[in-house]
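Trainee: I would like to take a close look at a single part of this protein, and then to follow the side chains outward from there.

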Amino acid sequence: MAKNMAPILHILVISLSYSFLFVTSSSQNSQSLYHNSQPTSSSKPNLLVLPIQQDASTKLHWGNILKRTPLMQVPVLLDLNGKHLWVTCSQHYSSSTYQAPFCHSTQCSRANTHQCFTCTDSTTSRPGCHNNTCGLISSNPVTQESGLGELAQDVLALHSTHGSKLGSLVKIPQFLFSCAPTFLTQKGLPNNVQGALGLGHAPISLPNQLFSHFGLKRQFTMCLSSYPTSNGAILFGDINDPNNNNYIHNSLDVLHDMVYTPLTISKQGEYFIQVSAIRVNKHMVIPTKNPSMFPSSSSSSYHESSEIGGAMITTTNPYTVLRHSIFEVFTQVFANNVPKQAQVKAVGPFGLCYDTKKISGGVPSVDLIMDKSDVVWRISGENLMVQAQDGVSCLGFVDGGVHTRAGIALGTHQLEENLVVFDLARSRVGFNTNSLKSHGKSCSNLFDLNNP
């Protein structure tokens, strides 16, 4: 009898030991569930898709991620340079698979945090509120506010692709994220969002967890729609793989039109590209090695990142932000190439505005010249000008002042309707020389984002 019981006791001890690695809990509050008759797949995907859309009020972009058990749609801000996914968990978090790793566990090490978290908000344990768990700092990328929350893990699901269509859902059962303080969502973000989705170069960012779990090529592609009523998307995986070409509808011309420039990643995991100069109607604005754009190593700390990459790509600035010295010269050169009688009083946050009727014939395009003179990102048309008021169009660039993280921070208005490839495996960024609209296409009709 004792001999027969030994294997059972051994299994029981292993099970109990494993349970001590986590704190588990589930809120009883309910929320509308994500209904999808398409079954989940256990096969290895080639490409994963996350639909993204613009918020009409803030002009920032957000998407619904599928999390928890049962799966629910959770709206989150797209934060290209964010270090991880964070959401608020203090209310309406219901999941049977939520776990909070204990302090000093393997999960803490993977998230690169060595802080321990103690919850003082409640006498009852709940998602985001346990003791002796990992602490993880999350930040609102718009207000720059930050707060300590609880490292957690739960189910996350994304759609795979099947030919030219969306395919079945695939899951990461133990996706690491942060249950962050509620106050982080109270300023600067779209009204509906419950957190931010970090795509930066960091251990537990969304791309890194997807690459690791599914064995995808270390590449993701961003296509942001310029209209709140239509979707763009983030694609995870190799869009140049012949197996994935069918998903990008009739758009081999778009892929062939792409040019590439080196990608530099800052110590904070932010994405930078080298911009050697800005050109307006063949007039050079910022010459190569301009000291105000690429400061020396002796410059003060706020210049650190611009020194290594020149221009930071962001999704948390609605418009491109220029350091003051660059902004002054740029707007002066641009104004010299537009009839002076068309100019009107500036409408904030912009510094240069025009009577829309008086520039109906068009305005000069702006070229960002990369590491090589023949690698150019052209900004024109709707990507260049913003309808700030009825009858008033403004140059969609903002004066960031003297103390900026980068000489140039490319904003979402300039990124919209462009296929931007972050090829981390080859340390390069790909983009279309001109907007997709020059090909008669847009982000909303490039992919099939309808549920199967």
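Which residues does T315 touch, not counting residues up to four places away in sequence?

Mentor: This is a predicted model, and with that in mind, T315 touches L60, L78, D79, L80, M222, L224 and T412, once residues up to four places away in sequence are left out. T315 itself lies in the loop between β18 (311–313) and β19 (320–322), and because its relative accessible area is 1%, under the 20% cut-off, T315 counts as buried. Two of the residues on that contact list, L78 and L80, also meet T315 through polar atoms: the backbone oxygen of L78 lies 2.8 Å from a polar atom of the T315 side chain, and the side chain of T315 reaches the backbone nitrogen of L80 at 2.9 Å.

A serine in another loop can be read in a similar way. S276 lies between β15 (271–273) and β16 (277–280), and S276 is buried, with a relative accessible area of 11%. Its side chain reaches the backbone oxygen of M370 at 2.8 Å, and although S276 and M370 are 94 residues apart in sequence, their C-alpha atoms are 5.4 Å apart in space.

Covalent links come next. The disulfide C89 to C179 that UniProt lists is formed in these coordinates, with the sulfur atoms at 2.0 Å. Because C89 lies in the loop between β5 (86–88) and β6 (99–101) while C179 lies in strand β10 (residues 165–180), this pair ties together parts that are 90 residues apart in sequence. C89 is buried, with a relative accessible area of 4%, and C179 counts as buried at 4% relative accessibility. UniProt also lists a disulfide between C353 and C394, and the model agrees with that record because the two sulfur atoms are 2.0 Å apart. This pair links distant parts of the chain, with C353 in strand β21 (residues 353–355) and C394 in strand β25 (residues 392–395), 41 residues apart. C353 counts as buried, at 0% relative accessibility, and C394 counts as buried at 0% as well.

The aromatic side chains give a further set of links, with a count of 13 aromatic pairs. One of them joins F220 and F422, whose ring centres are 4.9 Å apart and whose planes meet at 15°, so the pair is stacked. Since F220 lies in strand β12 (residues 219–223) and F422 in strand β28 (residues 419–423), the pair ties together parts that are 202 residues apart in sequence. F220 and F422 are both buried. Another pair is formed by Y247 and F447, with ring centres 5.9 Å apart and planes at 15°, so this pair is stacked too. Y247 lies in the loop between β13 (231–237) and α4 (252–256), and F447 in the segment after α8 (443–446), so parts 200 residues apart in sequence are tied together. Y247 and F447 are both buried. Returning to F220 and F422, these two form one aromatic cluster together with F236 and Y271.

Finally, there are charged groups that sit over rings. The charged end of R68 sits over the ring of Y93, 4.0 Å from the ring centre, and R428 lies over the face of Y260, at 3.7 Å from the centre of that ring.

Notes
Residues numbered from 1 in each chain as written. Predicted model: local features only at pLDDT ≥ 70, side-chain atom pairs only at ≥ 80, totals over all residues. Heavy atoms only, no water. Helix = DSSP H or I, 4+ residues; strand = E, 2+ residues; numbered from the N terminus. Buried < 20%, exposed > 50% of the residue type's maximum accessible area, 1.4 Å probe, protein only. Polar contact = N/O pair within 3.5 Å; in protein donor to acceptor, adjacent residues only side chain to side chain. Contact = heavy atoms within 4.5 Å. Disulfide = S-S within 2.5 Å. UniProt positions renumbered as here; feature names shortened; annotations may be inferred. Phe/Tyr/Trp six-rings, centres within 6.5 Å; stacked < 30°, edge-to-face > 60°. Lys NZ or Arg CZ within 6 Å of the ring centre and 35° of its normal.
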